[in-house]
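Q: Hey, I'm new to this one. Can you walk me through a few local features?

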Amino acid sequence: MNGYNKVVGTGAQRIDAAEKSTGTLKYLSDSEIPGMLHAYVATSTEAHASIISIEVAEAWKVPGVQAIVTGDMFPFPIGPILADRPPIAHQKVRYYGEPIAIIIADEEYQAKAAAEKIEVEYETLPVVNSVQQAFEKDAPLLHEQLGDYQKIIDNVYPVPGTNIASHIKIRKGNFGAAWATCKETITANYRFNLSDHLAMETRAATVEINPDGRVIVHSTSQSPYTIKKVFNQFFNLPVGKVIVHIPLLGGAFGGKGTVQLEPLAYLASRAVGGKLVRLRFTREQDMITAPTHIGFDATVKLGVDAEGKLIAGQYTFLVEAGAYSDQAAGITRAAALDCTGPYHIPNVWCDSYCMYTNHTFATSFRGYGHPELTFAIERTMDRFAKQLSIDPVEFRLMNAIRPGHSTPTQSVLNENKVGDTVKCLTRAKELIGYSGPEPVTVSETVKRSKGVALFWKTSTTSTNAQAGAILTFEPDGTVNLSCAAVELGQGTKTILAQIAAERLQMNLADIHVTMDVNTQHNPHQWRTVASSTTYLAGRAVLAAADDAIRQLKKNAAIALQCAADELSVGGNRVFVTAVPEIGIEIKTIALGYKYPNGHTVGGQIVGVGNHVQRHLTPMDKETGFGDPGPWWSVGAQAVEVEFDEMTNDYRILKAVTVMDGGTIINPMTAQQQMRGGIFLGLSIAKGEAFLYNDAGIPQNPDMRTYQMTRFGEQPEEYIVEFVETPSAEGPYGARGIGEYGVIGAAGALSNSLSFAIGIEVDELPLTPETLWRLRKGAGQ
């Protein structure tokens, strides 16, 4: 009767599909504004050195140069968690490629030419080239003033006099007593280097300071309101004077969640009297100067009882932050609170350390530490299963976390807070055709094998993370949806439109979403990170829709001469629930109801809603006790490979992902996210890692030498399925899924290759050279 077609649960086409597929979409760096100045960053050629002097005289001689900014003009450290990073190096440099000056010129090529003429005299300092070296008692200190840095959030615990930017502890049960009773134990170590985000669009920012003091920022950022916060905290600017615009992004993968270019662009604009300045990174700068993806060292100790049940787990994580802590301090915490993987272990001891090295500083990456810890956990589970003579899938099923169990932080799980781990793994096993760990011989030199991995993650957000949404009704009855969620390729704005359409019982075409973000117009949102946007912004949209529905019923009740609670909304109408034929079109009351005599009541329908995280608590410093997330999404991944013993190369034949994402709002978008996720996870596992020489200088700083998976190297077959255990907290039962396709990929691939080769493959990246070295070391 109401002419409405169900929207949630359908594969609606993304609302940005046409612009992107036709190439008409404009990204931030695509526009040239008359009178705009250009900034370029001069960078360090040393990984660790004191700055003796910076000579800029020759740079000033380049035509078009308007200003040169060095670190002594703003020597104060900033940071999202621990304020330890000067925007421009001051007194010393801590990584190769660190900004040492900003040159502002009429044209970008002039600024670049001037940057090449800056001369810096360094006094070279000892280089800390690994987290293992950084952890040593006599290691060179990168941050002598570590104890003096300002804490931006409470849950960061630097250790002065060391290279430890934060130390997070988990203490659950009595690990020592449980370990002493274990029938079998295993200890294993894993380590790998930093890697890069490699988003299609490199980072860029423009800043203009108006005469009235307003600071206008345009940025390729996932965190517009964090930019406002940073400018307020470190530049003492009123929050209301900082206006941030975010266009659609050409990818991010967490790398644009941090704040780096925006302060540099602000300092550049300030140096030229507030004129509009654009700073954009080249691909090489985006890889080496901009923040990267963490490195990781993990030692895992597991113990079981006589039945093969896990009863004790000890985990030591050395998270490589690089030169500055940035979001690596948060990742250190996130890795600790989910340290066990999706397994029930009553006695847990975890020490997670955020470690400084003389490498490019690290920030968020899709999965926020979980691909790394999952690799370590899933390799250990396979190795332990072999030691116990138990099938690795059965070993996982025996120990999988379930409702009634508790997390490492002692948060008790129920069906609302955790998905169905067993169902995910069982289905993944079926889809990959797993029948055991033994490889199949294809030819004299080629073997085929299959490996699996379980994964989980909670949405690690601030305890007061929130989002808002506004729905404004047009005279034709259609709706404009405004929020500060950033569209970075994940399809968020389409999902939010579906949620609004479902609640209002309208067709999706009647929901118009504001794609760009403008903090002066869009309500506050924490950040577009942590797989939290569908949950936070989706709940805000539902609240805004409910607010609009109340107003629609109120206006319609006047027109229809009945009580508001007798009415329903749907199909672009408000109608009497008991007699649907009696009703009024929304467009008639969208701007208020007008009586025949011209009098009008009600006014425009503007639905306003917000949602804030509820019942989350900080972790206790000594035990980790707390409730850090609203739920734990779980899933399983499996990979089938063919390995050639002659070449040490391999093909990935099939990749499977089965995830419990609660209610899936858009199955088509969700499937593509999972496919893209496992592609990214496999690419990292196969070849992605920065290689450093003894001086801490990266040897593969560009797309020619950095080994990412390219088109044609992807799995021959992708299979994605979902288990749907609705979450009572999520909009229409949805959980976050955005990061999850990445998490188990490396673990599943390395497990599969371990079966094929017959030796334990515990190193990343899994290049043919790595496999050759492992086999040679094993005498093969």
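A: Sure, starting with a strand: β2 (residues 49-55) pairs with strand β5 (residues 92-93) in the antiparallel sense, over 2 bridges. Strands pair if DSSP finds at least two bridges between them. Strands here are DSSP runs (E, at least two residues) and helices are H or I runs of at least four, both numbered from the N terminus.

Q: What kind of model is this, and how are residues numbered?
A: It's a predicted model, where local features need pLDDT of at least 70 and side-chain atom pairs count only at pLDDT 80 or more, while totals for chains, interfaces and linings use all residues. Residues are numbered from 1 along each chain as its sequence is written, and side-chain values use heavy atoms, with hydrogens and water left out.

Q: Back to β2, how many bridges does it have with β7?
A: There are 6, again in the antiparallel sense, and β7 covers residues 119-124.

Q: Which residues partner Ser50?
A: In β5 the bridge partner of Ser50 is Lys92, and in β7 it is Glu123.

Q: Switching to helices: at what angle do α11 and α12 pack?
A: About 165°, with the axes of α11 (residues 392-399) and α12 (residues 421-432) 10 Å apart. The axes are lines fitted to C-alpha atoms over the stretch in contact, and angles run from 0 to 180 degrees between N-to-C directions.

Q: So what do you call that arrangement?
A: α11 and α12 are roughly antiparallel to each other, since angles over 145 degrees count that way (under 35 is roughly parallel, 65 to 115 roughly perpendicular, the rest oblique).

Q: Which residues of α11 and α12 meet?
A: Val393, Glu394, Arg396 and Leu397 in α11 meet Val422, Leu425, Thr426 and Lys429 in α12, with contact meaning heavy atoms within 4.5 Å. By class, that contact of α11 with α12 has 4 nonpolar, 1 polar and 3 charged residues.

Q: Where's the cis peptide bond?
A: From Leu764 to Pro765, with omega near 0°. Pro765 lies in the loop between α18 (745-757) and α19 (768-777).

Q: What about the phi of Leu198?
A: Leu198 has a positive phi of about 50° although it is not a glycine. Leu198 is in the loop between β10 (184-192) and β11 (204-209).

Q: Is Leu198 buried or exposed?
A: Buried, with a relative accessible area of 13%. Buried means under 20%, exposed over 50%, and partly exposed in between (1.4 Å probe, protein chains only).

Q: And what is the phi of Gln505?
A: Gln505 has a positive phi of about 50° although it is not a glycine. Gln505 is partly exposed, at 28% relative accessible area.

Terms used: Nonpolar A, V, L, I, M, F, W, Y, C, P; charged D, E, K, R; others polar.
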